[in-house]
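Colleague: I am new to this structure and should be grateful for a short introduction. May I put some questions to you once it is shown?

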Amino acid sequence: MLNDRQLRQLLDSLTSAVLVLDDSLLLCYLNSAAEDLLAASSARVSGQPLADVVHESTAAQKAMRSALASGEKYTVRRATWRLHNLETATVDYSVSPVPELGLLLLEVQSMDRLLRIAREDALISAQETTRNLVRGMAHEVKNPLGGIRGAAQLLQRELPDEELAEYTQIIIDEADRLRNLVDRLLGPRQPAQLKPTNVHEILERVAQLIDAECDGELHIRRDYDPSIPDIPGDAEQLIQALLNIARNAMQAIDESIGLASGEIVLRTRIQRQFTIGRRHCALVCRIEIEDNGPGIPEDIRERIFYPMISGRAEGSGLGLSISQNIINQHQGLIKCDSRPGQSVFQIYLPLSGDL
């Protein structure tokens, strides 16, 4: 027979969270997975009402009491739990009454990670489809543009009146402008050349460029983790990707609250056990670019990485698309969380062992 200590060791070895409640829905026990999920130790919350630690709804509480009375098991899918620290968790859980002991056993599976992976898979797939469409369209546009430009040049040479050359020059200039736009849509012409790269040197270069563009009016704050090792990256391309994000933040601040009242935070951290798409990475470098600007309009937040989507009247809508393309070439991921007064772009880049 197993003793209590051995039983606890077995429960603590489970990846599923296990909560044990008494007939008054007071917490009796949490295994290690449950402590991680609820951000609370078993010793601290033991004897407390479940509703003080995690709350779903009054109906959920009634259902648990009914299960105790009837002895029937049930399962709830995609429940949203509000934790004691005001964070939320999406979970599947099964409720199993143990009438002979007057206890209720909850087996809980966190769905947040799976939902995040599904969302990121859908985002990466949609972005890849968009890039392929844009790439195909861009090549189709460049071919006739070359013909238009060449014909305009030939016509310019044959015109008897030099004043008429002004019109052919407009055609040539506009063809060049469209060609440059198409080149920007296609993104970097060369694949990323990955070499050991110091991420803080890249961020310092970005900070210098932004500082020069705004004549030092904007406050740029650094929050670096100096323990981060070199990452495999193409320094020039990464500078371009991060500069596009930081420049967007600077311009949004300038148009809303003014540079003197603005702040951009450049932050780096190591993140463990992270999934990019469906690839598991033991360690990734997380770069954050945070600003206190107006935030991204809600109606375009889900589409900001697509070409020609911009929250600014004068924005081209290409900067973030190019940044996303560069980060994808580095096997990384770029995300954004935004609300009025704060936008945070998070860039995840795998360390060398995960490429």
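Colleague: By class, how many nonpolar, polar and charged residues does the lining of the second largest cavity have?

Modeller: Please note that this is a predicted model. The residues that line the second largest cavity are Leu50, Val54, His55, Glu56, Ala60, Gln61, Met64 and Trp81. Sorted by class, this lining has five nonpolar, two polar and one charged residues.

Colleague: Which element gives the largest share of the lining of the second largest cavity?

Modeller: Two elements, strand 3 (54-55) and helix 5 (58-70), each give two or more residues to the lining of this cavity. The largest share amounts to three residues, and the element that supplies it is helix 5.

Colleague: How much space lies in the second largest cavity?

Modeller: The search covered the whole structure and found three cavities of 30 Å³ or more. For the second largest cavity, the space is about 50 Å³.

Colleague: Turning to the whole protein, what percentage of the residues count as buried?

Modeller: The protein has 10 helices and 13 strands. A residue counts as buried when its relative accessible area is under 20%. Of the 355 residues, the share that counts as buried is 42%.

Colleague: What part of the exposed area do carbon and sulfur atoms supply?

Modeller: The area that the protein exposes is about 19200 Å². Carbon and sulfur atoms supply, of this area, 51%.

Colleague: Among contacts with a separation of 6 or more, what share is accounted for by residues 24 or more positions apart?

Modeller: A contact here requires heavy atoms within 4.5 Å. Of the contacts in the protein with a separation of 6 or more, residues 24 or more positions apart account for 62%.

Methods. Residues numbered from 1 in each chain as written. Predicted model: local features only at pLDDT ≥ 70, side-chain atom pairs only at ≥ 80, totals over all residues. Heavy atoms only, no water. 1 Å grid on protein atoms, 1.4 Å probe; cavity = no way out; pocket = protein on both sides within 12 Å on 5 of 7 lines; lining within 4 Å. Points joined across faces, edges and corners; volume = space filled by probe spheres on them. Helix = DSSP H or I, 4+ residues; strand = E, 2+ residues; numbered from the N terminus. Nonpolar A, V, L, I, M, F, W, Y, C, P; charged D, E, K, R; others polar. Buried < 20%, exposed > 50% of the residue type's maximum accessible area, 1.4 Å probe, protein only. Areas by Shrake-Rupley, 256 points an atom, 1.4 Å probe, with all protein chains shown as cover.
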